[in-house]
Amino acid sequence: MQHLANNYQLKFVQRSDDITGDDEPGVFRVEMSCGHAVDPISLTEWCRCLIDQGHLEFHCPASTHGTNGKCNKEWSYPEVRTCALLSLEERQVFEEKLALLSAGKYCEYKQCPRCDSCVERKDLTNLAVDCSICMANDDSPFEFCWQCLLEWEGPAPRSDRCDNIHCTNVHLQVLENCGRKNLSASNVQSCPKVRACPTCGMIIEHKDMCKYMVCIRCHVEFCFACLQTEAICSKSSTHSTNCSRPVAPRQTRIPVWNQTVKKNVNKIANRTPNFHPHNIPDHNLNVPAPPPQNYIPRRNLEQNLNPSLNSNRQCNCCTIL
């Protein structure tokens, strides 16, 4: 049975739910573009779970028929929105969260302290930022500090702070004053327990397990002890042995992620039709990696839909600060 909704052709089939395994007879379910059948309720809950964990993409968790592998095919948001039969309220919640995740991944905004407009920082190494909206509206330049969000004081450009007395980098203070711990799983002694990712600068606290970890923002695996990438460190040591290099001291600067990002609002709008930069709250968003290709969710519905029960989706080795 087929039905056309929102320019997307729905196909209803009488098959078991490939997410939950529910095979109650006589129940129509929606066939997704990957060929798997889902109930709108289980589809909604699965996608809500992914969004709540910070994932921007939706992937099919069903098993591939006749194999031990998983489908993992990506579903577009328009497909999910239609097949899940989302209400207007559910669509608004989904799209607001997706807008925040998209902004956190593709853009960097803060509010101008004078006009409250969202401002993008083009030079990530300079804390002195000019507000073009203030210039256009008041015909006078306004420069503020990206760190303390006060009107800029002192010479510019600078990457550490402005001359306002209360302008401090809290994350840098944490790095400089953090305690030390032994990484017993890797035979590492007296390692700072908090690090900034050497690639993107995300602040990470080591909790347990070995010295290697994958940053959830830039996805680069690095050694918490020597701060080299895993590819370099593992040439002379393993996850269970000490590094050939000494433990790196406490960091006194936070690396700037020198990524090449195409600031394309249309790319965000394609995923989230209600996205508008002025609706972005003034806080930092850290986006976890999408589900890996070999991610194998359990067939039990509670295990699939409850992040706290799914050990494959949780990180027990570190805490993002």
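**Exercise 1. Work out whether S190 is buried, exposed or partly exposed, and say what its backbone is doing.**

Solution. Start with the accessibility in this predicted model. S190 has a relative accessible area of 36%. Buried would need a value under 20%, and exposed a value over 50%, so S190 ends up partly exposed. Next, place the residue: S190 sits in strand β12, which covers residues 188-192. Finally, look at the backbone. The phi angle of S190 is near 50°, which is positive although the residue isn't a glycine. That's worth a second look, since most residues other than glycine have a negative phi.

**Exercise 2. Find out where V188 is and which residues it is in contact with.**

Solution. Step one is the address: V188 is also placed in strand β12. Step two is burial. The relative accessibility of V188 is 0%, so V188 counts as buried. Step three is the surroundings. If you skip neighbours within four places in sequence, V188 is in contact with N182, L183, K211, A225, N242 and V247. Step four is distance along the chain versus distance in space: V188 and P246 are separated by 58 residues in sequence, yet their C-alpha atoms are 9.5 Å apart.

**Exercise 3. Check the length of α1 and describe how its two ends are set up.**

Solution. First, do the length check. α1 has 13 residues, and at 1.5 Å a residue it should span 18 Å; the end C-alpha atoms are 18 Å apart, so the two values agree. Now go to the N-terminal end. D39 caps it, with a side-chain oxygen 2.9 Å from the backbone nitrogen of I41. Then go past the other end: G54 follows α1 and has a positive phi, near 95°. Last, see what the helix hides. Its buried residues are P40, S42, L43, T44, W46, C47, C49, L50 and I51.

**Exercise 4. Take apart the largest nonpolar core: how many residues are in it, and which elements supply them?**

Solution. Begin with the count: this core has 24 residues, and L43, C47, F58 and W75 have the most contacts inside it. Then sort by element. β2 (8-13), α1 (40-52), α2 (77-83) and α3 (88-106) each put in at least two residues. The largest share comes from α1, with 5 residues. Now zoom in on L43. Leaving out residues up to four places away in sequence, L43 touches I19, M32, V38, W75, V80, C83 and A84. Apart from this core there's another one, of 21 residues, and V188, C197, C200 and A225 are among its members. As background, nonpolar side chains in soluble globular proteins tend to be buried together.

**Exercise 5. Locate the cis peptide bond, then say what phi M209 has and where it lies.**

Solution. For the cis bond, look at A156 and P157: the bond joining them has an omega of about 5°. P157 belongs to the loop between β10 (143-145) and α5 (170-177). For M209, phi is near 75°, a positive value in a residue that isn't glycine. M209 is in the loop between β14 (203-206) and β15 (212-214).

**Exercise 6. Sum up the whole chain in a few numbers.**

Solution. Count the elements: 8 helices and 17 strands. Then burial: 40% of the 321 residues count as buried. For the surface, about 17200 Å² is exposed, with carbon and sulfur atoms supplying 48% of it. For contacts between residues at least 6 apart in sequence, 54% join residues at least 24 apart.

Terms used:
Residues numbered from 1 in each chain as written. Predicted model: local features only at pLDDT ≥ 70, side-chain atom pairs only at ≥ 80, totals over all residues. Heavy atoms only, no water. Helix = DSSP H or I, 4+ residues; strand = E, 2+ residues; numbered from the N terminus. Buried < 20%, exposed > 50% of the residue type's maximum accessible area, 1.4 Å probe, protein only. Contact = heavy atoms within 4.5 Å. Areas by Shrake-Rupley, 256 points an atom, 1.4 Å probe, with all protein chains shown as cover. Core = buried A, V, L, I, M, F, W, Y, C linked by side-chain atoms within 4.5 Å. Expected span 1.5 Å × (residues − 1). Polar contact = N/O pair within 3.5 Å; in protein donor to acceptor, adjacent residues only side chain to side chain.
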